[in-house]
Amino acid sequence: MVSTKKFIMVKHFDGLPKLSDFSIVEETLPSLKDGEILTEAIWISVDPYIRAYSVRMPAGEKVIGGQVAKVLESKNPNYNVNDLIVGNFGWQTVSIISPDTFHKTTGNPAPYKLPDIGNLSPSLGLGILGMPGNTALFGFLEVCKPQPGEIVVVSGAAGAVGSHVAQIAKHIGCIVIGFAGTDEKVNYLLNDLKLDAAFNYKKVEIASSLAKIAPQGVDCYFDNVGGEISSIVMYQMKTNGRVSVCGSISSYNADAKSLPKASVLQPAIVMKQLSVQGFLVWKWSDRFLEGIQQNLTWIKEGWLKYREKVFEGFEKLPEAFIDMLEGGNIGKAVVKV
């Protein structure tokens, strides 16, 4: 018999999650059935969406999240021992998975084998070569449809998705403006990613800062944060501007019954005839491997850069999660189990 550890959400989060909101539970797993595989987590992801989705989960449930895992035992002909797979297996060390029915039984996307990424770390399967990377690629290119010379604004621009979007925009030939929450992140955007402009939204007047760089207005806005920042940006858009709404980090830790107030957006949307589209990356689930290969090609070409903030040890998951929600990471936050 094999034992496993998993983190459960003891109670629903009240504002920013606390370490006391989590607890480790140990269990003994049953023997494998036909069609199942036994996996061991190697890397586990912490992402903003976990906080947003937690309100839908009952207390006492395993915390959700993606893994890169190694197959320890297989009774499924499509998976061999030592295969590396990516899937939403949650915060758990060892799992029994039925790949063929995983989507139907859990509602989560089906797991897939991590493609050959050469000497790169498998952790990238949770970042630039995984869900966040595809979020940036498809959510920006397919929704905003940017063109060379256009002005692109990215909020949350130093995060896993935002930094990726900003680099794609620069590569296309756009003028790229990023907003982030610390001077360190602004320096990263300017000096490492070579954005045309970057601002610490906590220290500048957003509308006037944009007006200096883009006096004629903004063509595309990739929105990771929502809230008042996004309202201000959308009032600076050009006529027929395009907005890709990826997330709302600014409100994830707020009381769901009393969300932060932001300026009314309808006048800007109507008068400027904006196209505003929200999306979930799983819309392109049938193109996931295509997206991974494209991002891998760009990494090999040398222009697509990435950063990871690595926490060591399964027990560090809550700490890593809280740190990420507080904006402590540049790039992707991951936990090495």
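A crossover counts as right-handed if, with the strands pointing away from the viewer, the path from the first strand over the helix to the second runs clockwise. Keep that picture in mind as you look at this predicted model, where strand β8, helix α4 and strand β9 make a right-handed β-α-β unit. In sequence terms, β8 covers residues 151-155, α4 covers residues 160-172 and β9 covers residues 175-180.

Let's stay with β8 for a moment. The strand pairs with β9 and also with β11, which spans residues 218-223. The table sets out the two pairings.

| Pairing | Sense | Bridges | A bridge pair |
|---|---|---|---|
| β8 and β9 | parallel | 5 bridges | valine 153 and isoleucine 177 |
| β8 and β11 | parallel | 3 bridges | valine 154 and phenylalanine 222 |

Are the residues of β8 buried or exposed? The strand is mostly covered, with 5 of its 5 residues buried. You can check this on both faces: Ile151, Val153 and Ser155 are buried on one side, while Val152 and Val154 are buried on the other.

Val154 turns up again in the largest nonpolar core, a group of 49 residues. Along with Leu129, Phe140 and Leu189, Val154 is among the residues with the most contacts inside that core. Which elements each supply at least two residues of this core? They are α3 (131-141), β8, α4, β9, α5 (183-192), β11 and α9 (288-301).

Finally, take a look at leucine 189. Leaving aside residues up to four places away in sequence, leucine 189 touches Ala157, Ala158, Gly178, Ala180, Lys194, Leu195 and Ala198.

Technical notes
Residues numbered from 1 in each chain as written. Predicted model: local features only at pLDDT ≥ 70, side-chain atom pairs only at ≥ 80, totals over all residues. Heavy atoms only, no water. Buried < 20%, exposed > 50% of the residue type's maximum accessible area, 1.4 Å probe, protein only. Helix = DSSP H or I, 4+ residues; strand = E, 2+ residues; numbered from the N terminus. Pairing = 2+ DSSP bridges. Core = buried A, V, L, I, M, F, W, Y, C linked by side-chain atoms within 4.5 Å. Contact = heavy atoms within 4.5 Å.
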